[in-house]
Amino acid sequence: GSFSCSCSSPYFGDGLNCQLNECLQSSTHNCHANATCTDTSSSFTCACDQHFSGDGVNTCVPDYCSLGLHNCAAGATCTPAPVSASNGTYTCRCRSDFVGDGQTCLKSVWAQAQELTAPSLGSTIQVKQFGSSSAISRPGSMLIAGCPTSKVAHSSQGLAQFYATLGSQWPTGTLVDSQTTGGDEFASSVDISDNGHWVVSSAPLNDAAATDAGAVIVYKRTVSNSTFAFDQFQQITQQNVANVTNSKMGFSTAISGNAEMVASSAIFSSGQGSVFLFSRDNTSLPFNQCPVTAQLSAPRTVNGGLFGYSVAIDRNATTIVCGAAVATANSSTAVQSGAAFVFRRMHQFESFDSGSELLLPSHYVQERILFGFSVAVSSDGSIAVVGAPESSAAGSLSGLVLLYSIPTIGQGSIPAPRVFTPAVSPDRALFGRSVSLNPSGTHLFVGTPGANAGVGSVYVFVKRTNALDWDSQTLLTSPTQSLSQFGWHVSSSENEQGMSVVSIGSPGTHFSDGPVGAGSVF
């Protein structure tokens, strides 16, 4: 006789040595119901089954994305929620070439609606730098393009051209300063109210108050059937403020969307620059008969920093963003990389606070990157954007743009910004020379006029889940592909269907008589 030995379940081995296989009975392992138990020499492991995720013991949540059990749109990406959520949830996010909430995603297609060329105004008028400044009304029915070095009656007198959209027609007209003394560079900066009824245009070399003291000219639109025209409403000079030679008021100028406030900078005022605010509590009064609402100054010393180099104001005049392009950075270093500040209105006092700095992260601080060269603000004042076109963050003079979420007063500090850099041909791209946000704050446009050796381009970014969550959507390029400096200036709005509209200046566009300039509307 002989005998044989065999292990009894749930044990395994040669019968002489038997080890427990914990996986054979549910009572001997603690794997999750949606997990697979794998025996090892001394214990066991638990791993969630396919299409489930978790630790295999306590959690194995279904991955509705890979199972196809979700309601994301065809143009969206489904992402499972973190396992810690433990409920199998997911998020839907439209792909970069779509817009929507993830459950509905519409294809985003950008098309050129109109190419604008410098007008022919007779043999005595020489139009130059067409498109070096621009503004577009809401809902995209009126556009203003500045030509500041144009010769009218005098060299570099400047003029602005306006366009009204009437169906497929774009009737046009010309604005000049009727009180000019010549050489004022009128239309160096232009802006327009939401309804298109008010236009402001600067003349930073105007001598009405003092030599190169500067001025801002306000125009009011008249409408007669289908004919659009603007009447010069008044000229605002520093006779209302201070008679300061060479202060260059109007270097940057903006009007609130509701047309109740004009903000205009004088970059050499008081040695460091100022931004003057004119408002109309009584809307029947012209701006120049209203007292100065405020004179904004940088909340820290920026001597020679050109405070007011760029200015933006939101629709209801509650948030103002100001750049100081060559100021010392963040007050803690001697490097003149530039600075930017936000001022918010304190409603209980109907005045503005002393300002908060939009901090430039220390690892981006470099000499003369021109942080604050361009600024933009959303219509509701909740988002501010600052350009630094000569930053070398992504390549030599590639450029840099920072986007900040602006809390209301008393609701916390300003969080760290979202940073954007150019992805294509970054060297000398000057990414951020111009920036613009559409009124809803859902699209960001960044002019890159140095891209492709001066051909230029405009980056379009789309907002996703929150103020700091953005995707790159598309790259708009010059229709001519000439050395046009496409993206030198950008301004944006929305049409009646809520679609974004952007005007893009190309002041370097050459024609037979030289670099006259051009513009495009997408």
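**A tour from strand β41 outward**

Begin by selecting S506 and A518: the latter, in β41, is the bridge partner of S506. The model on display is predicted, and local features rely on pLDDT of at least 70, side-chain atom pairs on pLDDT 80 or more, while totals for chains, interfaces and linings use all residues. Residues are numbered from 1 along each chain as its sequence is written, and side-chain values use heavy atoms, without hydrogens or water.

**The sheet around β38**

Extend the selection to β41 (residues 518–521) and β38, which run antiparallel and are joined by four bridges. Strands here (E, at least two residues) and helices (H or I, at least four residues) are DSSP runs, numbered from the N terminus. Two strands count as paired if DSSP finds at least two bridges between them. In general, the strands of a sheet pair through backbone hydrogen bonds, in a parallel or an antiparallel manner.

Now display β11, β41, β38 and β37, which in this order form an open sheet of four strands with antiparallel pairing. At its edges are β11 (114–117) and β37 (489–494), each of which pairs on one side only. From one strand to the next, the twist averages 15°; the axes used for such angles are lines fitted to C-alpha atoms (for helices, over the stretch in contact), and the angles run from 0 to 180 degrees between N-to-C directions.

Select β38 (residues 500–506) together with β37: six bridges join these antiparallel strands. Within this pairing, E494 has S500 of β38 as its bridge partner, and S491 stands opposite S503 in β38.

How many of the residues of β38 are buried? Seven of the seven are, so the strand is largely enclosed by the rest of the structure. Buried means under 20% relative accessible area, exposed over 50%, and partly exposed in between (1.4 Å probe, protein chains only). Both faces of the strand are covered, with S500, V502, I504 and S506 on one side and V501, S503 and G505 on the other.

**The hairpin of β12 and β13**

Move next to β12 (residues 133–136), from which S133 and A135 point one way and S134 and I136 the other way, all of them buried. Four bridges connect β12 with the antiparallel strand β13 (residues 142–147), and G146 in β13 is the bridge partner of S133. Five residues lie between the strands of this hairpin, where G140 takes a positive phi near 75°.

**The loop between β15 and β16**

From S133, proceed to S189, which touches S133, V200, S201, S202, G250, F251, S252 and T253, leaving aside residues up to four places away in sequence. Such a contact means heavy atoms within 4.5 Å. S189 is found in the loop between β15 (172–175) and β16 (190–192). Is S189 buried or exposed? S189 is buried, with a relative accessible area of 10%.

**Aromatic rings**

The whole structure contains eleven aromatic pairs. Rings of Phe, Tyr and Trp (its six-membered ring) pair if their centres lie within 6.5 Å; planes under 30 degrees apart count as stacked, over 60 as edge-to-face and the rest as tilted. Select F186 and Y219: their ring centres are 6.2 Å apart and their planes meet at 70°, so the pair is edge-to-face. This pair links distant parts of the chain, since F186 is in the loop between β15 and β16 and Y219, 33 residues apart from F186, is in strand β18 (residues 215–224). Both F186 and Y219 are buried.

Then select F420, F431, Y459, F461 and W470, which ring pairs link into a cluster. Add R418, which lies over the face of F420 at 4.3 Å from the ring centre. A charge is taken to sit over a ring if NZ of Lys or CZ of Arg is within 6 Å of the ring centre and within 35 degrees of the ring normal. R433 lies over the face of W488 at 3.6 Å from the ring centre.

**Helix α1 and the whole protein**

Select S66 in helix α1 (residues 64–67). S66 is partly exposed, with a relative accessible area of 38%. Q50 is 16 residues from S66 in sequence and 9.3 Å from it in space, C-alpha to C-alpha.

Finally, show the entire protein, which has two helices and 41 strands. Of its 522 residues, 53% are buried.
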